[in-house]
Number of protein chains: 2
Amino acid sequence: MRDRIEEAARRAFSEFGYKGTTMDQIARLAGVSKGAIYLHFPSKEALFQHMLRGVIAQVRDAFESAQTEGDDYFRNLDRGLRALMRFRADHAMLSKLVQEVRQFGTAEARAGLQELETAILDYLARHLKRGVDLGVVRPCRLDLVAFVLLRAYTAVLRDFPPAEGALSEEELYELFTGLFVDGLRLRPGEGEPGNAQTEQER
Amino acid sequence: MRDRIEEAARRAFSEFGYKGTTMDQIARLAGVSKGAIYLHFPSKEALFQHMLRGVIAQVRDAFESAQTEGDDYFRNLDRGLRALMRFRADHAMLSKLVQEVRQFGTAEARAGLQELETAILDYLARHLKRGVDLGVVRPCRLDLVAFVLLRAYTAVLRDFPPAEGALSEEELYELFTGLFVDGLRLRPGEGEPGNAQTEQER
DNA sequence: AAATGACCATATTAGAATTTTGGTCAGAGC
DNA sequence: GCTCTGACCAAAATTCTAATATGGTCATTT
């Protein structure tokens with residue numbers, strides 16, 4: 001009973017978004033009456049939130065299963081972030097939600113995506129914490145760093161303008177490495193062979 | 001004549017946004033007839049774009065006048081980026097435009113902000129190029145780096161969730177330095193005194 | 001030649017009329 | 001006694017239409 005409702009809700013929200021699906025629709029899809037739904041969930045929004053929680057758990061799995069034990073920490077981080085992005089793009093319910101927020105600005109959809117982001121940030125920050133404990137990551141404001149990393153990946157993969165052929169995985173990894181891991185600063189002796197002065201800073 | 005029209009347009013667009021201002025309004029404000037405007041500009045959109053070009057030039061000035069000759073390259077870059085953000089937030093026409101895009105999604109306003117971003121990215125990339133030539137910045141995809149920097153500053157200053165009291169200038173600079181300039185990787189001997197193993201990477 | 005403002009086709013708005021939707025609940029069925 | 005149903009309701013959303021506002025033009029004035 002409950003399962004059939006959840007399954008129907010999952011399909012409906014995935015195909016039509018939050019405001020696009022009606023409780024009648026879900027009931028019909030689940031083959032139960034509308035009243036039955038309210039025996040299990042107090043409101044449409046509660047049902048939606050419940051479904052979303054499931055997705056959030058899946059997102060975490062996507063990140064984790066992209067990790068390769070024993071591989072370089074930052075390689076893994078990059079892979080995890082890319083897995084997050086791919087999941088977000090491929091998962092029907094999430095991409096529908098993103099579209100809905102853009103198109104209608106539905107408050108509930110917005111709140112849902114916000115919750116998702118918060119969960120991801122939380123998880124990312126914990127992952128970074130592990131890096132710090134391992135001595136691989138410089139101690140810093142992990143919440144801020146997680147936030148910037150997530151936004152940077154999102155922005156680059158979604159909005160980077162030139163050439164429709166999006167960045168290749170390697171290009172993105174190069175960027176990630178060069179910008180976030182090693183930093184922009186050119187240090188003496190590590191640039192291309194044959195540059196004269198590297199000391200110019202105060 | 002032309003000047004009065006421009007001045008009136010500047011005021012109107014700043015106060016009411018693109019779709020909020022009418023040609024009649026501008027004419028009245030400038031103390032001329034509506035037909036007179038079309039003697040100088042072929043359309044409302046052309047007039048708007050012309051005004052925007054002026055703002056774009058101002059943005060560049062804001063970046064440049066935040067630079068301090070002889071100061072550390074990255075200090076200057078951070079100051080420039082912050083100046084950009086401040087300008088965007090303080091300038092009446094720009095903030096009105098941002099609001100308009102969010103609220104109504106006006107196509108012309110969206111296009112205008114897009115043009116502004118492109119101009120800034122162009123300018124930023126050139127600035128970075130100078131850094132590379134000076135030997136301070138590691139050679140890399142400057143367009144991408146400029147893009148990520150701009151988006152990162154925007155995101156942090158606009159959307160970073162916790163504690164309403166936004167980041168202080170120093171906190172932001174720390175983040176910038178730690179994340180983009182020096183990188184996340186903890187290198188042997190540079191961490192807090194007394195951490196054992198820093199070699200854990202493959 | 002520069003400037004005006006009445007004028008027009010189209011886009012936008014306002015608001016009444018209609019439909020849809022989330023949620024309830026008295027009762028049916030087991 | 002319990003689950004479940006589906007007619008029902010108030011509120012929200014959508015549609016329809018009349019009225020208004022707007023970008024742009026051009027014959028006429030200055």
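A residue is taken as near a molecule or strand if its C-beta atom, placed from the backbone, lies within 6 Å of it. The model is predicted: local features need pLDDT of at least 70, side-chain atom pairs count only at pLDDT 80 or more, and totals for chains, interfaces and linings use all residues. Residues are numbered from 1 along each chain as its sequence is written, while chains are lettered from A and ligands numbered from 1 in the order in which they are written.

DNA strand D is surrounded by 15 residues. Ser33(A), Gly35(A), Thr22(B), Gly35(B) and Lys44(B) come nearest. Elements are DSSP runs numbered from the N terminus, with helices (H or I) of at least four residues and strands (E) of at least two. Those that give two or more residues to the surface near strand D are helix H3 (34-40) of chain A, and helix H2 (23-30) and helix H3 (34-40) of chain B. H3(A) provides the largest share, 4 residues. By class, this surface holds 6 nonpolar, 5 polar and 4 charged residues. Here Ala, Val, Leu, Ile, Met, Phe, Trp, Tyr, Cys and Pro count as nonpolar, Asp, Glu, Lys and Arg as charged, and the others, Gly among them, as polar.

DNA strand C also has 15 residues around it. The closest are Thr22(A), Gly35(A), Ser33(B), Gly35(B) and Ala36(B). Helix H2 (23-30) and H3 of chain A, together with H3 of chain B, each give two or more residues to this surface. H3(B) gives the most, with 4 residues. The surface near strand C divides into 6 nonpolar, 5 polar and 4 charged residues.

The protein chains were superposed by least squares on the C-alpha atoms of residues with pLDDT of at least 70 in both. Chain B can be laid on chain A with an RMSD of 0.1 Å, by a turn of 180 degrees and a shift of 0.1 Å along the axis. The two copies are thus related as by a two-fold rotation axis. In chain B, the C-alpha of Gly183(B) is nearest the axis, 1.9 Å from it.

Contact between residues requires C-beta atoms, placed from the backbone, within 7 Å. In the interface, 40 residues of chain B are in contact with 40 residues of chain A. H8 and helix H9 (169-181) of chain B each supply at least two residues of the chain B side. The largest share, 9 residues, comes from H8(B). The chain B side has 21 nonpolar, 8 polar and 11 charged residues.

H8(B) also packs within its own chain. The axes of helix H7 (residues 107-134) of chain B and helix H8 (residues 142-159) of chain B come within 8 Å and cross at roughly 120 degrees. Axes are lines fitted to C-alpha atoms, for helices over the stretch in contact, and angles run from 0 to 180 degrees between N-to-C directions. Residues of H7(B) in the contact include Ile120(B), Leu124(B) and Leu128(B), and those of H8(B) include Val145(B), Phe147(B) and Leu149(B). The contact comprises 11 nonpolar, no polar and 2 charged residues.

Confidence is given as pLDDT, the predictor's score for each residue from 0 to 100. Chain A averages 90, and 92% of the residues score at least 70. Among its elements, helix H9 (residues 169-181) of chain A has the lowest mean pLDDT (92) and helix H4 (residues 44-65) of chain A the highest (96). Over residues 192-202 of chain A the pLDDT is below 50.

Conventions. Two residues are in contact if their C-beta atoms, placed from the backbone, lie within 7 Å.
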